[in-house]
Amino acid sequence: MSSVRSISQGTSPGRVTADFFTDSHRFSASVVVYKRRLIDVLADRMTNYLDLVDIYVSRNNNPGEIVATYHRGALVKQEINLIVLPSETQAISKERFYSPTRTPRPIFITLPFFEIRGLFQWMGDFDVKKILTAETQKFLPILEVNAANPFFPEVSFQGPTALVNKSKIQTLCINDSK
């Protein structure tokens, strides 16, 4: 099985570089976040889109082929399935309390055109309904992520962290033990 590593590895101050996935495309791009974190920019209700810069566009079924490049663009937040990030920092809100004592558990999520495997950190009991409703964030952070295309299983994307759009989740399964 071949896999594709993210081409988005670098960041500069005030910018976050990541891979953004919709149903059909991957956008390797940067978002200007200033002093905020990406998870907080995604939660901002003042705008329904992200301003992207330095965009490389590829199709999910053939990520090695760049079909277009653009200097600027916008991406509708609601249409994002998942975001693969180069570090966990951007997936933890600055605006909320975070406890490092959360327990990591294996998780499996299906989205349109993706199967996600990784680790989910949670405090308390593992009631799946609570995971989807208790957090006020619209994106769920997953660690050590592997996102595979079920129609092209040889195509997968890995990263230390991903943000999964909760409104796009079709199935969420979690193990009670490590």
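The following questions and answers go through a predicted model of one protein chain.

Trainee: How many helices and strands does the chain have?
Mentor: From the N terminus on, the elements run β-β-β-α-β-β-β-β-β-α-β-β-β. The count for the chain is 2 helices and 11 strands.

Trainee: What is the mean pLDDT of the chain, and where is the pLDDT below 50?
Mentor: The mean pLDDT is 85, and 81% of the residues reach 70 or more. One stretch is below 50, and beyond near neighbours in sequence this stretch has 22 contacts in the model. Where pLDDT is low, the predicted coordinates should not be read in detail. The stretch below 50 is residues 4-10.

Trainee: What share of the residues count as buried?
Mentor: The chain exposes about 9400 Å², and carbon and sulfur atoms supply 53% of that area. Of its 178 residues, the share that count as buried is 46%.

Trainee: Which residue forms a salt bridge with Asp-54?
Mentor: The structure holds 4 salt bridges. In the one made by Asp-54, the closest N and O atoms are 2.6 Å apart, and the partner is Arg-15. Asp-54 lies in strand S4 and Arg-15 in strand S2, so the pair ties together parts that are 39 residues apart in sequence. Asp-54 is partly exposed at 33% relative accessible area, and at 26% so is the partner, Arg-15.

Trainee: Which residue pairs with Glu-79 in a salt bridge, and is that partner buried or exposed?
Mentor: The N to O distance in this salt bridge is 3.7 Å, and the partner is Lys-168. Glu-79 lies in the loop between strand S5 and strand S6, and Lys-168 in the loop between S10 and strand S11, so the pair ties together parts that are 89 residues apart in sequence. Glu-79 is partly exposed at 36% relative accessibility. Because its relative accessibility is 14%, under the 20% cut-off, Lys-168 counts as buried.

Trainee: Which residues does Thr-110 contact, leaving aside neighbours within four places in sequence?
Mentor: Thr-110 is in strand S7 and counts as buried at 15% relative accessibility. The C-alpha atoms of Thr-110 and Pro-150 are separated by 9.4 Å, although the two are 40 residues apart along the chain. The contacts of Thr-110 are Lys-168, Ile-169, Gln-170 and Thr-171.

Trainee: Which side chain makes a polar contact with the side chain of Asn-165?
Mentor: Asn-165 is in strand S10 and counts as buried at 3% relative accessibility. A polar atom of the Asn-165 side chain lies 3.5 Å from the backbone oxygen of Gln-78. Not counting residues up to four places away in sequence, Asn-165 touches several residues, including Lys-77, Ile-80, Leu-111 and Phe-139. The side chain in polar contact with that of Asn-165, at 2.8 Å, belongs to Ser-167.

Trainee: Why can Phe-113 belong to a surface patch, and which residues make the patch with Phe-113?
Mentor: Phe-113 lies in the loop between strand S7 and strand S8. Phe-113 has a relative accessible area of 36%, so this residue passes the 30% cut-off for patches. The nonpolar patch covers about 300 Å², and the other residues in it are Phe-151 and Phe-152.

Trainee: What percentage of the contacts with a separation of 6 or more come from residues 24 or more positions apart?
Mentor: Thr-110 and Lys-168 are one example of a contact in the chain. Among contacts with a separation of 6 or more, residues 24 or more positions apart account for 63%.

Technical notes: Residues are numbered from 1 along each chain as its sequence is written. This is a predicted model: local features need pLDDT of at least 70, side-chain atom pairs count only at pLDDT 80 or more; totals for chains, interfaces and linings use all residues. Side-chain values use heavy atoms; hydrogens and water are left out. Patches are made of residues with over 30% relative accessible area and no salt bridge: like charges are joined within 9 Å, nonpolar side chains (Val, Leu, Ile, Met, Phe, Trp, Tyr) within 5 Å. Accessible areas come from the Shrake-Rupley method with a 1.4 Å probe; for residues, only the protein chains shown count as cover. A salt bridge is a side-chain nitrogen of Lys or Arg within 4 Å of a carboxyl oxygen of Asp or Glu. Helices (H or I, at least four residues) and strands (E, at least two) are DSSP runs, numbered from the N terminus. Buried means under 20% relative accessible area, exposed over 50%, partly exposed in between (1.4 Å probe, protein chains only). A polar contact is a pair of N or O atoms within 3.5 Å; within protein, one must be able to donate a hydrogen and the other to accept it, and residues adjacent in sequence count only if both atoms are side-chain atoms. Contact means heavy atoms within 4.5 Å. pLDDT is the predictor's confidence in each residue, from 0 to 100.
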